[in-house]
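Colleague: Please take a close look at one part of this model for me. I would like the largest cavity: what lines it, and where do those residues come from?

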Amino acid sequence: MEDKRNIQIIEWEHLDKKKFYVFGVAMTMMIRVSVYPFTLIRTRLQVQKGKSLYHGTFDAFIKILRADGVTGLYRGFLVNTFTLISGQCYVTTYELTRKFVADYSQSNTVKSLVAGGSASLVAQSITVPIDVVSQHLMMQRKGEKMGRFQVRGNPEGQRVVAFGQTKDIIRQILRADGLRGFYRGYVASLLTYIPNSAVWWPFYHFYAEQLSYLCPKECPHIVFQAISGPLAAATASILTNPMDVIRTRVQVEGKSSIILTFRQLMAEEGPWGLMKGLSARIISSTPSTIVIVVGYESLKKLSLRPELVDSRHW
């Protein structure tokens with residue numbers, strides 16, 4: 001009888017692709033709704049100078065809620081939903097790359113590292129323009145300016161809303177930087193997210209494997225998979241947060257040089273400046289990663305080809 005501690009990875013060829021994409025879009029949307037407020041908070045913490053506006057994650061949450069209400073925590077969300085496209089491209093690239101690398105190496109670490117990095121490269125090429133616009137929308141505050149641009153009011157003095165703000169920001173980016181402005185911070189994004197993705201997947205499988213030996217044989221795989229996801233996310237966040245801070249500043253403040261942005265940050269705030277927003281990033285990634293891992297593993301089980309269902313042990 002097969003040892004239940006042997007975690008069976010569902011590969012691309014085992015999946016019913018139609019089910020995989022339909023369930024995947026629904027799952028991704030639910031996750032984005034739940035974690036977006038912390039993404040907004042993290043972005044504002046990383047862009048602010050020192051602690052000029054917020055003293056931490058909880059302080060930012062309370063102040064934004066008081067100033068703008070719940071809708072203030074979802075500024076730029078409608079634009080950000082377009083990243084659903086990049087999300088599906090990410091998982092497709094990840095699974096197909098794992099299949100390709102398997103022809104050259106059976107090491108799960110190698111397959112996970114190469115596939116994770118490749119998937120992030122494809123996804124970021126689609127995501128960066130959406131991120132640039134949504135981040136500028138995240139920076140909008142009543143009567144104050146955090147980023148380079150501020151949404152203008154209409155003739156009656158009221159603020160434009162929803163897609164009116166989006167169009168206003170897009171026009172300002174085009175006027176200031178042209179089409180290249182939508183890819184500002186692209187290299188910094190690649191330097192942040194490719195390592196993050198490449199590191200997350202091997203650590204995820206590593207932690208899951210180690211936990212499988214510590215847990216009783218009767219323990220369902222999904223339990224230690226749900227624990228290993230946040231552990232891997234925290235590990236990847238700590239390793240890549242310095243580049244994430246620089247990426248955010250390059251995109252929001254309109255800087256053109258990663259090196260100069262790094263030097264300015266070090267001069268103004270020292271090494272601790274590279275860890276800004278880390279707690280918000282870990283706080284947002286912990287519940288979201290649990291949901292992502294449980295959702296993704298469940299999604300793959302639900303999408304498993306019918307003839308393979310009975311041969312799997314969970």
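Modeller:
**The largest cavity**

The residues lining the largest cavity divide into 19 nonpolar, 20 polar and six charged. The lining has 45 residues in total. Lying nearest the centre are Arg32, Tyr193, Asn196, Ser288 and Ile292. The volume is about 1,400 Å³. Keep in mind that this is a predicted model. Rolling a probe the size of a water molecule over the atoms shows where empty space is left. The structure holds two cavities of 30 Å³ or more.

Now the source of the walls. Six elements each supply at least two lining residues:

- helix 1 (17-47) and helix 4 (83-101)
- helix 5 (108-138) and helix 7 (186-214)
- helix 8 (221-253) and helix 10 (278-302)

Helix 1 gives the largest share of the lining, 11 residues. A record also bears on this part of the chain. UniProt, in an unreviewed entry, places the feature "transmembrane region" at residues 20-41. In the model, that span is 100% helix and 0% strand. Its end C-alpha atoms lie 32 Å apart.

Last, confidence. The chain averages a pLDDT of 82, and 89% of the residues score at least 70. Over residues 154-158, however, the pLDDT is below 50. Beyond near neighbours in sequence, the stretch 154-158 has two contacts in the model. Where pLDDT is low, the predicted coordinates should not be read in detail.

Technical notes. Residues are numbered from 1 along each chain as its sequence is written. This is a predicted model: local features need pLDDT of at least 70, side-chain atom pairs count only at pLDDT 80 or more; totals for chains, interfaces and linings use all residues. Side-chain values use heavy atoms; hydrogens and water are left out. UniProt positions are given in the numbering used here, feature names are shortened, and annotations may be inferred rather than shown by experiment. Helices (H or I, at least four residues) and strands (E, at least two) are DSSP runs, numbered from the N terminus. On a 1 Å grid over the protein atoms alone, a cavity is a set of points where a 1.4 Å probe fits but cannot get out, and a pocket is an open set with protein on both sides within 12 Å along at least five of seven lines; lining residues have an atom within 4 Å of a point. Grid points are joined across faces, edges and corners, and a volume is the space filled by probe spheres set on the points. Ala, Val, Leu, Ile, Met, Phe, Trp, Tyr, Cys and Pro count as nonpolar, Asp, Glu, Lys and Arg as charged, and the others, Gly among them, as polar. pLDDT is the predictor's confidence in each residue, from 0 to 100. Contact means heavy atoms within 4.5 Å.
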